[in-house]
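The following report describes a two-chain model, moving from overall architecture to individual residues. Please consult the sequence and the coordinates alongside the text.

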Amino acid sequence: MSNTDIEIVVDDPTAPEENSPAVVSTGVVDVVVSLLLLVLALVLGWDNWRTGASWDSTGPQPGYFPFYLSVILGGASLYGLGAAFLSRREAAETFVTRAQLRRVMAVFVPTLLFCLATQYLGLYVASFLLIATFMRLVGKIALWKSLLTAFVFTAAMFVTFDVAFDVIMPKGPLEAALGR
Amino acid sequence: MEAFGLLLHGFAVLLTWKTLLLMMVGLVLGIFVGVLPGLGGPNGVAILLPLTFTMDPTSAIVMLSCIYWGALFGGAITSILFNIPGEAWSVATTFDGYPMAQQGRAAEALTAAFTSSFIGSLVAVLLITFLAPMISSFALKFGPPEFFAVYLLTFCSFVGLGREAKHKTVISMSLGLLLAGVGMDTVSGQLRMTFGSAELLRGINFLVAVIGLFGISEILLTMEERLALRGHAAGISLRVVLSVWKDLPKYWVTLLRSSVIGCWLGITPGGAIAASFMGYNLAKRFAKDPESFGKGRIEGVFAPETAAHASGTSALLPMLALGIPGSGTAAILLGGLMVWGLNPGPLLFVEHKDFVWGLIASMYLGNVVGLVLVLTTVPIFASILRVPFAAVAPMIVVSCAIGAYAIQNAMFDIWLMLGFGVVGYVFKKIGIPLAPFTLALVLGNRAEDAFRLSMIGSGGDMKVFWSNGLVGTITTLAIVLLFWPVIDKAFVGLGRLLRPARA
């Protein structure tokens with residue numbers, strides 16, 4: 001086989017379709033983000049003003065430096081808001097299509113559930129569940145491969161962090177039952 | 001000559017079996033994260049940082065910097081074989097690297113990429129060896145106003161010289177500086193921006209933010225697109241390596257020019273992306289037959305790779321000498337130094353000689369070992385891409401969570417990481433740059449302390465930033481760089497006005 005032959009091919013059975021409709025435009029997201037940043041600037045600015053944004057006998061008060069940063073953030077966000085309203089190019093650009101959003105959610109929702117599970121079941125059990133479920137449901141990979149990969153990876157993480165490097169991770173009822 | 005002696009001492013510190021083993025582990029892990037889609041240098045270093053918490057600082061930083069070298073090498077593999085740039089600075093490598101692979105010259109292209117990476121890094125490490133001690137001994141004379149002026153220069157040059165919309169860079173930077181101030185004020189001990197939350201008392205750890213901003217957001221972005229790959233397999237033989245190396249002297253001008261560009265853009269915060277494109281464009285511009293570029297010309301691989309790696313490596317110079325990182329990854333390495341209680345900056349060269357020179361020696365050794373490793377293991381690493389992304393993605397998520405939790409042993413940090421992941425995804429898609437945010441989050445407290453100490457010293461008089469020639473020059477330069485686009489436009493306009501008058 002010559003070097004020019006294609007030898008590595010990985011297909012993606014869940015690839016998003018090309019002609020999926022747009023969910024939201026970049027212009028709209030730009031406006032929303034600018035508004036949120038403006039609100040954040042106002043809230044932080046108010047908090048720093050309350051903490052003390054002027055001078056006292058010892059020098060600048062704790063809120064002095066962050067207060068003026070809030071003003072800069074607010075000013076830049078206002079400018080961004082105006083620019084987003086005026087920009088026709090950004091208004092026409094697609095931020096995300098429906099098919100893309102579905103795929104992003106296919107990662108985001110399991111990650112969110114993983115964080116929740118970590119809090120109650122511990123990191124290793126949550127990791128096993130995330131990897132096995134994700135491989136099986138999203139990647140459509142054979143169940144035995146998904147379970148084996150999840151077990152081997154989780155065990156390797158446990159040995160590396162908890163045993164070899166002494167980095168203690170959040171534990172749950174399973175680890176407690178096993179005396180860890 | 002003093003630097004040479006200290007460097008030899010650095011090699012003596014480094015040459016233990018334990019450190020060499022850690023170096024190999026770091027390089028393999030680095031190449032691995034460089035090849036994997038959805039990971040890269042900054043994420044790899046941030047995620048793997050907890051592995052080093054129980055090590056001594058020298059071993060830890062050697063391993064982390066080797067992850068960085070490995071990731072730099074690994075990025076070229078996907079660019080050339082699959083036309084997928086692992087990092088933004090690898091984009092220019094695909095222009096000629098992928099056509100070379102299509103012509104059956106993948107091994108030649110990969111050898112050229114790895115060799116030029118090595119040359120670029122080597123030039124930058126030589127610069128660090130001889131320049132960093134000089135800059136740091138000069139910086140020992142700095143007081144708070146000079147330090148604040150240098151921080152200001154860094155921030156202003158990001159705004160003035162960055163390619164993104166200026167207001168977006170300002171948003172990114174001011175947000176980073178504000179979030180750095182969350183928690184207990186280091187001077188008065190008063191709480192700021194915590195809103196009664198006990199979790200926010202610790203402040204926002206920048207490594208948690210980085211893991212979310214780069215790691216989680218990259219997974220979301222990678223997942224959004226089609227994940228099918230079609231590429232070329234390649235094995236590198238000794239004959240190809242020797243033939244590429246034999247031809248190297250022919251390209252000395254390209255290699256030297258790209259190294260200089262890379263070092264310049266690495267020390268100033270221009271970055272590896274700008275360096276790689278500038279290196280490529282200049283190679284094309286000065287070529288006798290520029291139309292052959294983009295069709296599989298080896299110089300088209302040499303130029304961007306040399307520049308990008310010279311830039312990535314020399315970004316460590318201001319971090320070591322002044323405590324100011326020149327890139328996102330340098331900022332993460334700086335965070336690592338702080339975790340081990342080391343204070344990056346001029347005093348590091350005085351107080352921790354073993355550490356600094358051990359690190360610099362590891363840059364030489366790491367690059368040599370890295371070059372040999374990638375040249376011999378390309379097929380193995382390229383085959384990693386056969387692993388479906390649906391298996392890789394959850395593993396990266398778990399690694400990110402482990403990294404975020406381990407920094408402060410706080411569950412809240414895992415949630416914070418997820419939040420930053422969403423922020424990173426949205427910011428990347430609407431063009432708000434993340435590098436200034438990271439830099440501001442790292443330098444925020446230091447910049448504020450320098451500002452407050454300067455103002456206390458001067459009784460609130462802003463003239464302190466022009467109180468002597470040095471601080472005045474740096475502050476003025478910062479303001480010039482901030483308004484550089486306006487100044488540049490004014491010069492161009494003036495030139496146009498004068499031209500017809502002369503005619």
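Read from the N terminus, chain A follows the order β-β-α-β-β-α-α-β-α-α-α-α. That amounts to seven helices and five strands, where helices (H or I, at least four residues) and strands (E, at least two) are DSSP runs numbered from the N terminus. The radius of gyration of chain A is 25 Å, well over the 16 Å that the globule rule gives for 180 residues, so chain A is more spread out than a compact globule. This radius is taken over C-alpha atoms, and the globule rule is 2.2 Å times the number of residues to the power 0.38.

The model is predicted: local features need pLDDT of at least 70, side-chain atom pairs count only at pLDDT 80 or more, and totals for chains, interfaces and linings use all residues. Residues are numbered from 1 along each chain as its sequence is written, chains are lettered from A and ligands numbered from 1 in the order in which they are written, and side-chain values use heavy atoms, with hydrogens and water left out.

**Chain-level properties**

Along its principal axes, the C-alpha trace of chain A spans about 65 × 50 × 35 Å. Of its 180 residues, 47% count as buried, that is, under 20% relative accessible area, with exposed meaning over 50% and partly exposed in between (1.4 Å probe, protein chains only). Among contacts in chain A (heavy atoms within 4.5 Å) between residues at least 6 apart in sequence, 60% join residues at least 24 apart.

Chain B contains 22 helices and three strands. For its 503 residues a compact globule would have a radius of gyration near 23 Å, and the value for chain B is 23 Å, which agrees. Its C-alpha atoms fill a box of roughly 70 × 70 × 50 Å, taken along the principal axes. The buried share of chain B is 62% of the 503 residues. Of the contacts in chain B with a separation of 6 or more, 78% are accounted for by residues 24 or more positions apart.

Surface areas come from the Shrake-Rupley method with a 1.4 Å probe; for residues, only the protein chains shown count as cover. Chain A exposes about 9800 Å², with 68% supplied by carbon and sulfur atoms. For chain B the accessible surface comes to about 18300 Å², and 69% of this belongs to carbon and sulfur atoms.

For charges, Lys and Arg count as positive and Asp and Glu as negative, while His and the chain ends are not counted. Each charge is placed at NZ of Lys, CZ of Arg, CG of Asp or CD of Glu. Chain A has 11 positive and 14 negative side chains, and the centres of the two sets lie 8 Å apart. In chain B, the mean positions of the 30 positive and 24 negative charges are 9 Å apart.

**Annotated spans of chain A**

An unreviewed UniProt entry lists residues 22-45, 65-86, 107-135 and 141-165 of chain A under "transmembrane region". UniProt positions are given in the numbering used here, feature names are shortened, and annotations may be inferred rather than shown by experiment. Two of these spans are described in the model as follows.

| Span of chain A | Helix | Strand | Distance between end C-alpha atoms |
|---|---|---|---|
| Residues 65-86 | 100% | 0% | 32 Å |
| Residues 107-135 | 97% | 0% | 11 Å |

**Selected residues**

Ser25(A) belongs to strand E2 (residues 22-25) of chain A. Ser25(A) is buried because its relative accessible area is 18%. Beyond neighbours within four places in sequence, Ser25(A) contacts Ala91(A), Glu93(A), Thr94(A) and Phe95(A).

His167(B) lies in helix H8 (residues 166-180) of chain B and is buried, at 14% relative accessible area. Apart from neighbours within four places in sequence, His167(B) touches residues of chain A, namely Ala76(A), Tyr79(A), Gly80(A) and Ala83(A).

Thr111(B), in helix H6 (residues 106-139) of chain B, has 0% relative accessibility and therefore counts as buried. Its contacts, neighbours within four places in sequence aside, include Ile236(B), Val240(B), Trp245(B) and Leu375(B).

Which backbone angle sets Met193(B) apart, given that it is not a glycine? Met193(B) has a positive phi of about 50°. Most residues other than glycine have a negative phi. Met193(B) sits in the loop between strand E2 (191-192) and helix H9 (206-224) of chain B, and is buried at 2% relative accessibility. Phe195(B), in the loop between E2 and H9 of chain B, likewise has a positive phi, near 50°. Phe195(B) counts as partly exposed, because its relative accessibility is 44%.
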